[in-house]
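This report walks through selected local features of one protein chain, from its backbone to its rings, cores and open spaces. Please keep the sequence and the structure in view while reading.

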Amino acid sequence: MRRFLRKLRDKVDALSAKPVVAPAQLSQHDSSLVTDQSPQTVPPFITQVRGDIDNTKTFGLNPIVIELVRWLGYQVASNSSSRRDLGFTGKIAGRWYAIFGDTLWCAPGVTDFTKDKPGFHGMVRDSVSLLTNDPLTVIDLNLNNDWPVPHQLQFVPFNPAWGEVNTTAFGGTSLCETDAEKATGIIYYMVNAYEPNLVGAGAGKVDVINGTPTVTKRLGARGYWWDARLYPHYGDKIAYRDERSDYIYIWGGPPNRFTGWLEGSYIYLARVRAADAYDLDKYEYYWGRQQGWKPQVLTEFTTETAALWGTGQGQICWNGHYQCYILVHLGIASNTVYLRTAQALEGPWTPDVEVYTTTPIDGGLVYAGVAHPYLDPSGKTLVVSFTNNNHIEVIKATFR
């Protein structure tokens, strides 16, 4: 499947540039890249996604050699019961946490999600859990008072003053530490109202309060920074606190108008020093290897300015065994876990190594590769989890 997609992608001609409607007087130095002004016609953004330069093409040799892959089981909570997706890992003040997406509560009293009763029993749009030394066991945080089995409350709060309701989704990725001593971090997310679809990519300040990461402030005039109609959805694909530098790197999909599987699968990159993560003016935007980093938010969407293509949501970690970054992902419409590597977070990235192929549960979707590097600091092994129809599967790869 993946080989077919690559061949088809290489045969696609350049897409024609199309004019768009954008709010007037939109400035990078606004409190957020959002406006309530009536839209006016402005010079068109460049919408070409093919060009003479393609910085998303893989390059070089992937050093990873897989000796053994074991399926470990399904990840569950020790103190609650639900079905959910994602579970991206991130560290704050020495402790690792998982950020889940849609969290569907099991029926009252059910302790094993595989034995849940039919029907809808309540849910929240995202949740947070504490990771343990056992990749199959997490400790759910921020629990309600349900008895005899409590359930998780929502992690990113919705705000009715911004037109949000309890069905508004917040597609979050990994927690990124901003200050270890103060136990603070940041969460990047995509506000999804379904109508009118994706609203904007945003961020929230996170404080660890009594052992629980808590969103204490959503940033931006309306709780997000990057208008989804106009700018990349920074942070909705990957968020990574680079422990080899002072930076947080965030990858996101293209603006809403790119809807096809080809153009909609390009991914763009931004970064900020961790200490400045709550200040939008301090962000830098990657315009490709030829133009480098700029303080201006990206408005040209080409194969030159894109950083990745076709990985979907995933996670990045540094691997000490191979001395490189590893990206865990599941590609497009794939049931296979892939690993690719790079020496720099801007790329270029090597071709993928296939790690493990699963069977979709009840014909459901398989997506969102998650790395658990804290379980083996040597990097000789890597535990990976991923979503299979609201089940979190866990595997362990041993490297040569």
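## Backbone features in loops

Asparagine 390 is found in the loop that runs between strand E27 (381-388) and strand E28 (392-399). The model is a predicted one, and in it the phi angle of asparagine 390 is near 65 degrees, a positive value in a residue other than glycine. A positive phi is also seen at asparagine 142, where the angle is near 60 degrees in a residue that is again not glycine. Asparagine 142 belongs to the loop between E9 and E10, and at 29% relative accessibility this residue counts as partly exposed.

Proline 148 is found in the loop between strand E9 (137-140) and strand E10 (169-172), and the peptide bond that leads into it from tryptophan 147 is cis, with omega near 5 degrees. A cis peptide bond also joins glycine 347 to proline 348, with omega near 5 degrees; proline 348 lies in the loop between strand E24 (336-342) and strand E25 (353-357). Proline 118, in turn, has its place in the loop between strand E6 (95-105) and strand E7 (123-124). Is proline 118 buried or exposed? With a relative accessible area of 77%, proline 118 is exposed, because the cut-off for that class is over 50%. Its C-alpha atom is separated by 8.3 Å from that of alanine 107, a residue 11 positions away along the chain.

## Aromatic pairs

How many aromatic pairs does the model hold? The count comes to 21 aromatic pairs. In one of them, the rings of tryptophan 225 and tyrosine 283 have centres 5.3 Å apart and planes at 70 degrees, so the pair is edge-to-face. Tryptophan 225 lies in the loop between strand E14 (212-218) and strand E15 (226-227), while tyrosine 283 lies in the loop between strand E18 (266-273) and strand E19 (284-286), so the pair ties together parts that are 58 residues apart in sequence. Both tryptophan 225 and tyrosine 283 are buried.

Tyrosine 240 and tyrosine 325 form another edge-to-face aromatic pair, with 6.1 Å from centre to centre and 85 degrees between the planes. This pair also links distant parts of the chain, since tyrosine 240 is in strand E16 (residues 233-241) and tyrosine 325 in strand E23 (residues 324-329), 85 residues apart. Tyrosine 240 is buried, as is tyrosine 325. Beyond single pairs, Trp225, Trp226, Tyr234, Tyr283 and Tyr285 are linked by ring pairs into a cluster.

## Arginines over rings

Two arginine placements concern the faces of aromatic rings. Arginine 84 lies over the face of phenylalanine 100, at 4.0 Å from the ring centre. Arginine 271 lies over the face of tryptophan 293, with a distance of 4.3 Å from the ring centre.

## Nonpolar cores

In soluble globular proteins, nonpolar side chains tend to be buried together. Here the largest nonpolar core has 32 residues, and those with the most contacts inside it are Tyr188, Trp226 and Tyr283. The elements that give two or more residues to this core are strand E12 (184-192), strand E13 (198-209), E16, strand E17 (247-253) and E18, and E18 provides its largest share, four residues. Apart from this core lies another of 19 residues, which includes Cys317, Leu330, Val337 and Phe386.

Tyr283 and Trp226 thus appear in two descriptions, as members of the ring cluster and among the residues with the most contacts inside the largest core.

## Cavity and pocket

The structure holds one cavity of 30 Å³ or more, and the volume of the largest cavity is about 40 Å³. Its lining is made up of Asn55, Thr56, Lys57, Thr58, Arg289, Ala307, Arg340, Glu346, Gly347, Pro348 and Trp349, which divide into three nonpolar, four polar and four charged residues. Gly347 and Pro348 of this lining are also the two residues joined by a cis peptide bond.

The largest pocket holds about 1200 Å³ of space. It is lined by 42 residues, of which Asp236, Lys237, Gly312, Gln313 and Tyr367 are the closest to its centre. Two or more lining residues come from each of strand E5 (82-92), E6, E10, E12, E16 and strand E26 (366-372). By class, the lining of this pocket has 18 nonpolar, 19 polar and five charged residues.

How values were computed. Residues numbered from 1 in each chain as written. Predicted model: local features only at pLDDT ≥ 70, side-chain atom pairs only at ≥ 80, totals over all residues. Heavy atoms only, no water. Phe/Tyr/Trp six-rings, centres within 6.5 Å; stacked < 30°, edge-to-face > 60°. Buried < 20%, exposed > 50% of the residue type's maximum accessible area, 1.4 Å probe, protein only. Lys NZ or Arg CZ within 6 Å of the ring centre and 35° of its normal. Core = buried A, V, L, I, M, F, W, Y, C linked by side-chain atoms within 4.5 Å. 1 Å grid on protein atoms, 1.4 Å probe; cavity = no way out; pocket = protein on both sides within 12 Å on 5 of 7 lines; lining within 4 Å. Points joined across faces, edges and corners; volume = space filled by probe spheres on them. Nonpolar A, V, L, I, M, F, W, Y, C, P; charged D, E, K, R; others polar.
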